[in-house]
2 protein chains.
Amino acid sequence: MSVVLAAPDKYVTMKPKEFREVVRRGEYTGGTGNVCAGYARTAMAIIPKDFALDFFMFCHRNPSPFPIIDFTEPGSPHPLRVAPEADLRTDVTNYHVYINGKLETKVTDIMSYWRDDLVVFLTGCSRGFDAALVSADIKYRSIGVFSTNISCVPAGRFKGPMRTSCRLVKGARDVVRTIQISSRYPAYHGAPIHVGDPAVIGIKDLYHPDVLSRGEAISPLEPDEVPMFWGCGMTLKAVAMASKPPLMITEGDGAMFVTDLLASDLAISS
Amino acid sequence: MSVVLAAPDKYVTMKPKEFREVVRRGEYTGGTGNVCAGYARTAMAIIPKDFALDFFMFCHRNPSPFPIIDFTEPGSPHPLRVAPEADLRTDVTNYHVYINGKLETKVTDIMSYWRDDLVVFLTGCSRGFDAALVSADIKYRSIGVFSTNISCVPAGRFKGPMRTSCRLVKGARDVVRTIQISSRYPAYHGAPIHVGDPAVIGIKDLYHPDVLSRGEAISPLEPDEVPMFWGCGMTLKAVAMASKPPLMITEGDGAMFVTDLLASDLAISS
């Protein structure tokens, strides 16, 4: 299955409910970063109830990569806060299934994996505050996702290295404003975890991220660009691999779940 | 046991570690609202691990009364984020023990109730943002805690009515600023749940709260005073009574746990 990351224009202006119906019918299986403009989207972790308390604790200890926005009752696929009509077994465009820490398969629905003891956690995605940065006329470029030498704080049976998304922000004034603005969005990873020299958090080569944001080579850092780093939901895949739960299902690459909430609904007042 | 709510002056300037040692030795069993000025204090719920996932979900669905600041691993009495050296079995001045939803006893340590399957949750206390209001020169009076007609969002085996703390804020400009300031402190209940007519949330008599803040009659509302209401940690006792877990231990009246964090450490940047 090849994944299309940028969705066709017709999905950009669609409302979330209608878009999820398209996905439920199997008519779109690609990326969701640009669909349903203005609405909040989330990363996702589905795990057995036996692991849910440990995972709750793990998210709480690591709010930067894992800001919990909603979760389901064990056995329920309906996220009551953010999209009560949605069915998380079918309404995500594509899924990654990890068995004992290994990526076992990629599928476009998880009906055959669903069990009565599964719990879904939905965690914030930085696309939410990107919109706020654009509104504030901050000049920056997203370059990609990197592994770091920072360990997540372990909790119960969960552990793993933190991954980070990097933005290059132009000009010292905008660095300050970017910290202020992202701090208002704890639901979308909040304040940066690091600003400046990538080597401090174990990143040796800024031009070769684990995942390239735009699928093209990164042009050289300009003199007034400052690298800024945020906790990233893709940390989850590293945690699955390090922690080896018997089953964990996540959204596929760039296949965030689209909620009924406006991205701005999750801002802290300032 | 009679509870002293205002602590002697010598405890006001004490550092948290030293104060907790005083409490651990049994030398002070009263209120902690005014001790260790500038430091964050928390409400507390201790429950069996079997109920911990339900309680995590319940707090997440009701972040206004129950903003989780820290929790312990099952069987551990040490809150690793906020005071790793503390022992929550002895370092709270006094405790209320609920058995099957009934207040069974009040004690000054819980060594005899402790079990290897207990989990401690620490949740924010509005004393934290009171300091920010005072710093901002907001004119207000705290009058007390009221029951409301608002139900907490149930989760698992937990449910119950929300209780609210009421402050009377003077002048429309300060009402706006109070909303802004409290919104920056989600860890201390965050934004108000209601502003204005108490009847809207089921409060019939503003002059007779369930718990009086100052232990004295409330003088009449002045023309430019606006009642403002926040989620309150005392909701927990109503939840214990409504949900009837086999065991729940809370802090005693006004006996919040004192952490090593400064109150200002938990503010959202603005």
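**How the two chains meet and how each is built**

Every interface residue of chain A, 100% of them, is also an interface residue in chain B, so the copies meet through the same surface. This comes from a predicted model. Turning chain A by 180°, with 0.0 Å of shift along the axis, lays it on chain B at an RMSD of 0.0 Å. That is what a two-fold axis does.

The contact itself pairs 15 residues of chain A with 15 residues of chain B. On the chain A side, helix H3 (52–61), strand S2 (68–71) and helix H5 (172–183) each put in at least two residues. H3(A) gives the most, with five residues. Sorted by class, the side of chain A that touches chain B holds nine nonpolar, five polar and one charged residues.

Within chain A, the domain assignment gives domain 1 (9–125 + 239–266) and domain 2 (129–235). Taken over C-alpha atoms, the centres of these two domains of chain A are 22 Å apart. Their contact draws 23 residues from domain 1 of chain A and 21 residues from domain 2 of chain A. On the domain 1 side, the elements of chain A giving two or more residues are H3, strand S5 (118–124) and helix H6 (235–243). H3(A) again gives the most, here with six residues. The domain 1 side of this contact in chain A divides into 16 nonpolar, five polar and two charged residues. H3(A) thus turns up in both settings: it supplies five residues to the side of chain A that touches chain B, and six to the side of domain 1 that touches domain 2 within chain A.

The largest nonpolar core has 149 residues, and the members that touch the most others are A:Phe55, B:Met44 and B:Phe55. What does B:Met44 touch, leaving out residues up to four places away in sequence? The list is B:Leu88, B:Val92, B:Val120, B:Phe121, B:Leu122, B:Thr250, B:Glu251 and B:Phe257.

Next comes a sheet in chain B. Five strands form an open sheet in the order S8-S10-S7-S6-S9 (chain B), with antiparallel pairing. Strands S8 (194–195) and S9 (211–212) of chain B sit at the edges with a single partner strand each, so one side of each has no neighbour in the sheet. Strands of a sheet pair through backbone hydrogen bonds, in either a parallel or an antiparallel sense.

Going through the pairs, S6(B), residues 140–151, is joined to S9(B) by two bridges, and the two run antiparallel. One of the matched pairs here is B:Val145 with B:Val211 of S9(B). S6(B) also pairs with S7(B), antiparallel and over eight bridges; in that pairing B:Arg141 has B:Leu168 of S7(B) as its bridge partner. On to S10(B), residues 225–231: seven bridges tie this strand to S7(B), again antiparallel. There, B:Lys170 stands opposite B:Glu225 in S10(B). As for S7(B) itself, residues 161–170, the strand is mostly covered, with seven of its ten residues buried.

Helix H6(B) tells a similar story of burial. Seven of its nine residues are buried, so H6(B) is largely enclosed by the rest of the structure. Those buried residues are B:Thr235, B:Leu236, B:Lys237, B:Ala238, B:Val239, B:Ala240 and B:Ser243. What covers them includes strand S1 (39–48), strand S3 (95–99), S7, S10 and S11 of chain B.

Just past the end of H6(B), the backbone does something worth a look: B:Lys244 takes a positive phi of about 55°, although it is not a glycine. Most residues other than glycine have a negative phi. B:Lys244 lies in the loop between H6 and strand S11 (247–251) of chain B. Is B:Lys244 buried or partly exposed? With 14 other C-beta atoms within 10 Å, B:Lys244 is partly exposed.

B:Asp137 is another non-glycine residue with a positive phi, in this case near 60°. B:Asp137 is found in the loop between helix H4 (127–135) and S6 of chain B. B:Asp137 has 8 other C-beta atoms within 10 Å and is exposed.

Terms used. Residues numbered from 1 in each chain as written. Chains lettered and ligands numbered in written order. Predicted model: local features only at pLDDT ≥ 70, side-chain atom pairs only at ≥ 80, totals over all residues. Pairing = 2+ DSSP bridges. Helix = DSSP H or I, 4+ residues; strand = E, 2+ residues; numbered from the N terminus. Least-squares fit on C-alpha atoms with pLDDT ≥ 70 in both. Contact = placed C-beta atoms within 7 Å. Nonpolar A, V, L, I, M, F, W, Y, C, P; charged D, E, K, R; others polar. Domains from an automatic or database assignment. Buried ≥ 20, exposed ≤ 12 C-beta atoms within 10 Å, placed from the backbone. Core = buried A, V, L, I, M, F, W, Y, C linked by C-beta atoms within 7 Å.
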